[in-house]
Amino acid sequence: MALYRVFIKGTNDKITLLQKFLNIVIAVALFLLFFFFSAKRLSINFDFSFLWTFRYRLIQGFATTVELSLVSLILSLLLGFLSAMANNSRILAISYFSKVYVQFFRGTPMIMQIYLFFYIVGTAWGVDNRFLAGVLILSLFEGAYIAEIIRGGIDSIEPTQLEAAKAVGLEAGQTLRLVVLPQIIKRTLPALAGQFASIIKDSSLLSLISVIELTQTIREISASNFAIFESYIFLGLLYLSLTFPISMYTRYLEGKFSYEN
Amino acid sequence: MRIELAGVTKIFTDEKKVLDNISFIEDFKALAIIGPSGGGKSTLLRIIGGLISPTTGDVFLDGNKIIFDERYLIQHRRQIGFVFQAKGLFNHLNAQQNVMLPLVNVHGYTKADAQKIANRLLARFGLSADKHKFPNELSGGQQQRVAIVRAVAVKPKLLLLDEPTSALDPELTGEVLAMLNELRYDGLNIILVTHEMGFAKKACDKLIFIVNGRLAEYGDSERLFIRPHTAELASFLNRVLEWGI
């Protein structure tokens, strides 16, 4: 086998584990070198030692981000499911309400929604707990995306599946439980897992209303010691440590359910 | 089994008359519904199976009137097996689970009993090796045979099939028709919509011929093939049998 075969994939070649490992190392190295030389040009000397001093605050912020994301995941799933159901409602006002909701939250920047809901809606209705307000805003935002994912899942159910359910004598409730829901779950799970990664990243925007999550913690630390580069590099690594496993899991789910086509 | 239709008419919401005053009485073991595409054959089969209701008219099976009301229809469907042209298996279940679902969730068998019944029937029709495969991993012919197994596992009094082989190549068509023939010898009553004239002639005792939503001719299949009474059937047979069967 010629050496170049290790690096070039033929049309019908299968990639071996060794090939995969070698080439991933090369890709990551290239990526890091770019940043290394960028830093070199500016003659920055990185010093990460201060992070240890702030370890408790960092752990606290990390935990808050995880907590915020998990609660928002559950709430946004609920909102997304309700909105997808409402979208198909025969009561037109409900159906359009769901469409307006999805359009508004998908069509405007989250930063605007955060300010609007925290300072106007939140103040008007007395929601002054920042964590709670953050969870609600994040859930509303992500719920709109999840509604679209679930709606796509519902639309992807072929009419023959429903006709077959009818033909074997299933009742409406059984059809939903035994045929429709399992198929929707299998088809939307990869996309929903991916959306969870988005929730984690998007939660960083809640630092704008001073929810003391991971990003806000780093902002505060870097404001006190001016180690901006080190702080934000470390911040990126922490977010990656959360989103990377989810991304791998999403890939795994996509492979597992590909038979569905 | 005796089937009687009295003035069955179906008009879809777009005002198109799909079935126009179909009336006949036949005693049959295997009844083939034939005719040009788009003539209303599948609609007629779905009405007999209780999947859709006629706009007007009555259907009787062995003298019992089908009441086109959802509460009654669900009972009616449970006594009948229905096989679709294609894609009738549940995508998220493997072959064995597809057969088991109606047994467990509609007919009240225990999981263990349902599994025994499913395995026995799948084995009988040469599908044992495929029982853990999902529909998209099965060939078209295997999918249809599993669909037939699912339909007959609940011991229906009548099996309805809507062009069960029209999506298959000739070899796979052969394996599905052989299976149907075997079930027919078991005494299962069959009504099928088909373009397989050889099967309609040799394996079906009765035939009805539908053109543009009208019943043009019906009777013993032997007779219809040899001495068609209407010019429409004669010309239809001429066209479909041009290259022999």
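**How the terms apply to chains A and B**

Colleague: What makes A:E163 and B:R46 a salt bridge?

Modeller: The closest N and O atoms of A:E163 and B:R46 lie 2.6 Å apart, and the pair earns the name because the rule asks for a side-chain nitrogen of Lys or Arg within 4 Å of a carboxyl oxygen of Asp or Glu. The model is predicted, with pLDDT of at least 70 needed for local features and 80 or more for side-chain atom pairs, while totals for chains, interfaces and linings use all residues. Side-chain values use heavy atoms without hydrogens and water, residues are numbered from 1 along each chain as its sequence is written, and chains are lettered from A and ligands numbered from 1 in the order in which they are written.

Colleague: How many salt bridges and polar contacts cross the interface of chain A and chain B?

Modeller: The rule finds two salt bridges there, and 12 residue pairs are in polar contact, both partners being at pLDDT 80 or more; a polar contact is a pair of N or O atoms within 3.5 Å, where within protein one must be able to donate a hydrogen and the other to accept it, and residues adjacent in sequence count only if both atoms are side-chain atoms. On the side of chain A that touches chain B, the elements giving two or more residues are α7 (159-167) and α8 (172-202). By class, that side of chain A has nine nonpolar, six polar and seven charged residues.

Colleague: How do you know what area chain A and chain B bury between them?

Modeller: Buried area is the accessible area (1.4 Å probe) that two parts lose on being put together, summed over both, and for chain A and chain B it comes to about 2,000 Å², with 55% on carbon and sulfur atoms. Chain A and chain B bring 22 residues each to the contact, which means heavy atoms within 4.5 Å.

Colleague: Why is A:Q113 called buried or exposed?

Modeller: A:Q113 has a relative accessible area of 0%, so it is buried, the limits being under 20% for buried, over 50% for exposed and partly exposed in between (1.4 Å probe, protein chains only). A:Q113 sits in helix α5 (residues 110-124) of chain A, and beyond its neighbours within four places in sequence it touches A:F104, A:F105, A:T108, A:F118, A:I137 and A:F141.

Colleague: What makes the phi of B:E163 and of B:N212 worth a remark?

Modeller: Most residues other than glycine have a negative phi. B:E163, which is not a glycine, has a positive phi of about 40° and lies in the loop between β7 (158-162) and α6 (170-185) of chain B; at a relative accessible area of 13%, B:E163 is buried. B:N212, also a residue other than glycine, has a positive phi near 45° and lies in the loop between β9 (206-211) and β10 (214-220) of chain B, where its relative accessible area of 62% makes B:N212 exposed.

Colleague: How do you know whether chain B is as compact as a globular protein of its length?

Modeller: Chain B has nine helices and 10 strands. Its radius of gyration is 18 Å, close to the 18 Å of the globule rule for 245 residues, so chain B is as compact as a globular protein of that length; the radius is taken over C-alpha atoms, and the rule is 2.2 Å times the number of residues to the power 0.38. For chain A, the radius is 23 Å, where a compact globule of 261 residues would have one near 18 Å.

Key
Helices (H or I, at least four residues) and strands (E, at least two) are DSSP runs, numbered from the N terminus. Ala, Val, Leu, Ile, Met, Phe, Trp, Tyr, Cys and Pro count as nonpolar, Asp, Glu, Lys and Arg as charged, and the others, Gly among them, as polar.
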